[in-house]
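Me: Could you take a close look at one helix pair in this chain for me? I'd like to know how the two helices meet and which residues make the contact.

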Amino acid sequence: GDNRTVLLIVDEAQNMKAETLEELRMLSNVNSNKDQLLQVVLAGQPQLKETLRSPELMQFAQRIAVDYHLDPLSLEETCGYIQHRLNKAGATRDVFTPASCERIYNYSGGTPRLINLLCETVLVYGFADQEDMITVELVDEMVQERMKDSVVPIFNRDKVGEQVEENIE
(Lines give C-alpha, C1' and ligand atoms only; values in the text may rest on other atoms or scores of the structure.)
Protein backbone atom coordinates (compact mmCIF):
# COMPACT_ATOMS: atom_id res chain seq x y z
CA GLY A 1 0.00 0.00 0.00
CA ASP A 2 2.99 2.35 0.46
CA ASN A 3 4.34 1.77 -3.06
CA ARG A 4 7.10 -0.38 -1.63
CA THR A 5 8.38 -3.78 -2.69
CA VAL A 6 8.99 -6.56 -0.22
CA LEU A 7 12.22 -8.52 -0.70
CA LEU A 8 12.30 -12.07 0.61
CA ILE A 9 15.77 -13.63 0.78
CA VAL A 10 15.93 -17.39 1.27
CA ASP A 11 19.34 -18.82 2.15
CA GLU A 12 20.03 -22.55 1.92
CA ALA A 13 17.19 -22.72 -0.61
CA GLN A 14 18.46 -26.08 -1.88
CA ASN A 15 16.74 -27.56 1.19
CA MET A 16 13.30 -26.35 0.09
CA LYS A 17 10.87 -28.89 -1.28
CA ALA A 18 9.28 -28.39 -4.69
CA GLU A 19 5.91 -27.82 -3.01
CA THR A 20 7.32 -24.97 -0.94
CA LEU A 21 8.92 -23.37 -3.99
CA GLU A 22 5.56 -23.62 -5.78
CA GLU A 23 3.95 -21.80 -2.84
CA LEU A 24 6.54 -19.04 -3.28
CA ARG A 25 5.54 -18.79 -6.92
CA MET A 26 1.92 -18.38 -5.92
CA LEU A 27 2.90 -15.62 -3.48
CA SER A 28 4.76 -13.85 -6.25
CA ASN A 29 1.47 -13.67 -8.19
CA VAL A 30 0.16 -11.10 -5.72
CA ASN A 31 0.19 -7.79 -7.56
CA SER A 32 -1.09 -4.30 -6.87
CA ASN A 33 -1.96 -2.16 -9.89
CA LYS A 34 0.31 -4.34 -12.04
CA ASP A 35 3.31 -3.77 -9.70
CA GLN A 36 4.95 -6.78 -8.16
CA LEU A 37 4.75 -6.57 -4.40
CA LEU A 38 7.19 -9.40 -3.66
CA GLN A 39 10.68 -10.01 -4.99
CA VAL A 40 12.34 -13.30 -4.03
CA VAL A 41 16.06 -14.03 -3.92
CA LEU A 42 17.06 -17.67 -3.54
CA ALA A 43 20.60 -18.51 -2.47
CA GLY A 44 21.81 -22.06 -2.22
CA GLN A 45 24.13 -24.85 -3.15
CA PRO A 46 24.31 -26.33 -6.69
CA GLN A 47 21.49 -28.76 -5.84
CA LEU A 48 19.11 -25.78 -5.99
CA LYS A 49 19.69 -25.46 -9.73
CA GLU A 50 18.89 -29.16 -10.16
CA THR A 51 15.67 -28.76 -8.17
CA LEU A 52 14.60 -25.74 -10.22
CA ARG A 53 15.09 -27.74 -13.43
CA SER A 54 12.48 -30.31 -12.42
CA PRO A 55 9.33 -30.38 -14.62
CA GLU A 56 6.96 -29.51 -11.75
CA LEU A 57 8.84 -26.22 -11.21
CA MET A 58 8.86 -25.11 -14.85
CA GLN A 59 6.47 -22.21 -14.14
CA PHE A 60 8.62 -21.11 -11.21
CA ALA A 61 11.82 -21.31 -13.27
CA GLN A 62 10.26 -19.22 -16.03
CA ARG A 63 9.90 -16.35 -13.55
CA ILE A 64 13.59 -16.26 -12.67
CA ALA A 65 14.96 -12.99 -14.00
CA VAL A 66 18.61 -13.50 -13.03
CA ASP A 67 20.60 -16.51 -11.95
CA TYR A 68 24.25 -16.68 -11.01
CA HIS A 69 26.62 -19.45 -10.03
CA LEU A 70 29.61 -18.59 -7.88
CA ASP A 71 32.56 -20.70 -8.99
CA PRO A 72 35.24 -21.73 -6.49
CA LEU A 73 37.93 -19.13 -5.90
CA SER A 74 41.32 -19.52 -7.58
CA LEU A 75 44.52 -19.79 -5.54
CA GLU A 76 45.17 -16.06 -5.97
CA GLU A 77 41.58 -15.18 -5.06
CA THR A 78 41.71 -17.46 -2.02
CA CYS A 79 44.86 -15.79 -0.68
CA GLY A 80 43.36 -12.36 -1.34
CA TYR A 81 40.12 -13.39 0.34
CA ILE A 82 41.97 -14.57 3.45
CA GLN A 83 43.97 -11.34 3.60
CA HIS A 84 40.86 -9.22 3.09
CA ARG A 85 39.01 -10.91 5.93
CA LEU A 86 42.02 -10.54 8.21
CA ASN A 87 42.27 -6.83 7.34
CA LYS A 88 38.56 -6.34 8.05
CA ALA A 89 39.07 -8.07 11.41
CA GLY A 90 41.82 -5.57 12.26
CA ALA A 91 45.00 -7.47 11.39
CA THR A 92 47.94 -5.12 10.88
CA ARG A 93 50.40 -7.74 9.62
CA ASP A 94 50.48 -11.00 7.69
CA VAL A 95 49.14 -13.87 9.76
CA PHE A 96 49.25 -16.69 7.18
CA THR A 97 52.41 -17.60 5.30
CA PRO A 98 51.99 -17.82 1.51
CA ALA A 99 52.43 -21.60 1.74
CA SER A 100 49.71 -21.87 4.40
CA CYS A 101 47.31 -19.86 2.18
CA GLU A 102 48.07 -22.25 -0.65
CA ARG A 103 47.40 -25.23 1.61
CA ILE A 104 44.08 -23.68 2.71
CA TYR A 105 43.25 -23.37 -0.98
CA ASN A 106 44.23 -27.02 -1.58
CA TYR A 107 42.05 -28.25 1.27
CA SER A 108 39.08 -26.01 0.50
CA GLY A 109 39.08 -26.33 -3.27
CA GLY A 110 38.39 -22.57 -3.26
CA THR A 111 34.99 -22.91 -1.55
CA PRO A 112 34.53 -19.79 0.61
CA ARG A 113 32.62 -21.56 3.40
CA LEU A 114 35.43 -24.10 3.76
CA ILE A 115 38.10 -21.40 3.54
CA ASN A 116 36.38 -19.64 6.45
CA LEU A 117 36.10 -22.86 8.47
CA LEU A 118 39.72 -23.85 7.87
CA CYS A 119 41.07 -20.38 8.68
CA GLU A 120 38.97 -20.00 11.81
CA THR A 121 39.99 -23.41 13.09
CA VAL A 122 43.71 -23.01 12.35
CA LEU A 123 43.68 -19.57 13.99
CA VAL A 124 42.38 -21.21 17.16
CA TYR A 125 45.14 -23.83 16.92
CA GLY A 126 47.73 -21.10 16.37
CA PHE A 127 46.44 -19.13 19.35
CA ALA A 128 46.52 -22.25 21.56
CA ASP A 129 50.13 -22.93 20.48
CA GLN A 130 51.03 -19.23 20.89
CA GLU A 131 52.20 -19.04 17.28
CA ASP A 132 52.88 -15.69 15.59
CA MET A 133 52.26 -17.03 12.09
CA ILE A 134 50.04 -19.72 10.64
CA THR A 135 52.36 -22.11 8.82
CA VAL A 136 51.63 -24.93 6.42
CA GLU A 137 52.70 -27.39 9.13
CA LEU A 138 50.09 -25.99 11.51
CA VAL A 139 47.39 -26.19 8.82
CA ASP A 140 48.29 -29.85 8.13
CA GLU A 141 48.36 -30.65 11.86
CA MET A 142 44.93 -29.10 12.36
CA VAL A 143 43.41 -30.98 9.42
CA GLN A 144 44.95 -34.30 10.55
CA GLU A 145 43.55 -33.83 14.04
CA ARG A 146 40.14 -32.78 12.78
CA MET A 147 40.03 -35.77 10.44
CA LYS A 148 40.57 -38.11 13.37
CA ASP A 149 38.12 -36.59 15.82
CA SER A 150 35.39 -34.75 13.95
CA VAL A 151 32.33 -35.65 11.94
CA VAL A 152 32.34 -32.17 10.35
CA PRO A 153 34.04 -32.22 6.93
CA ILE A 154 36.91 -29.75 7.10
CA PHE A 155 37.93 -29.93 3.45
CA ASN A 156 36.32 -30.40 0.07
CA ARG A 157 36.95 -34.01 -0.97
CA ASP A 158 35.21 -33.50 -4.32
CA LYS A 159 37.53 -30.68 -5.35
CA VAL A 160 40.89 -31.77 -4.03
CA GLY A 161 40.86 -35.56 -3.92
CA GLU A 162 44.17 -37.41 -3.59
CA GLN A 163 46.28 -34.27 -3.16
CA VAL A 164 44.66 -33.63 0.23
CA GLU A 165 45.02 -37.25 1.26
CA GLU A 166 48.75 -37.03 0.56
CA ASN A 167 49.11 -33.85 2.64
CA ILE A 168 47.48 -35.33 5.74
CA GLU A 169 49.29 -38.67 5.71
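Reply: Happy to help; here is the chain in outline, followed by the pair formed by α4 and α5. Please keep in mind that this is a predicted model.

Let's start with the setting. The chain has eight helices and four strands, and along the sequence they are arranged as β-α-β-β-β-α-α-α-α-α-α-α. It is 169 residues long, and 32% of them count as buried. If you take the contacts between residues at least 6 apart in sequence, 64% of them link residues at least 24 apart. As for the surface, the accessible area of the chain is about 11600 Å², and carbon and sulfur atoms account for 50% of it.

Now to the pair itself. Helix α4 covers residues 75-88 and helix α5 covers residues 98-108. Their axes come within 9 Å of each other and cross at roughly 115°. With that angle, α4 counts as roughly perpendicular to α5, because the range for that label runs from 65 to 115 degrees. The crossing of α4 and α5 is right-handed.

Which residues make the contact? On the α4 side they are L75, T78, C79 and I82, and α5 contributes C101, E102, I104 and Y105. Sorted by class, the contact between α4 and α5 has six nonpolar residues, one polar and one charged. The polar one is T78 of α4, and the charged one is E102 of α5. Among the nonpolar ones are C79 of α4 and C101 of α5.

Note on methods
Residues are numbered from 1 along each chain as its sequence is written. This is a predicted model: local features need pLDDT of at least 70, side-chain atom pairs count only at pLDDT 80 or more; totals for chains, interfaces and linings use all residues. Side-chain values use heavy atoms; hydrogens and water are left out. Helices (H or I, at least four residues) and strands (E, at least two) are DSSP runs, numbered from the N terminus. Buried means under 20% relative accessible area, exposed over 50%, partly exposed in between (1.4 Å probe, protein chains only). Contact means heavy atoms within 4.5 Å. Accessible areas come from the Shrake-Rupley method with a 1.4 Å probe; for residues, only the protein chains shown count as cover. Axes are lines fitted to C-alpha atoms, for helices over the stretch in contact, and angles run from 0 to 180 degrees between N-to-C directions. Angles under 35 degrees count as roughly parallel, over 145 as roughly antiparallel, 65 to 115 as roughly perpendicular and the rest as oblique. A crossing is left-handed if the near helix is turned anticlockwise from the far one by less than a right angle, and right-handed if clockwise.
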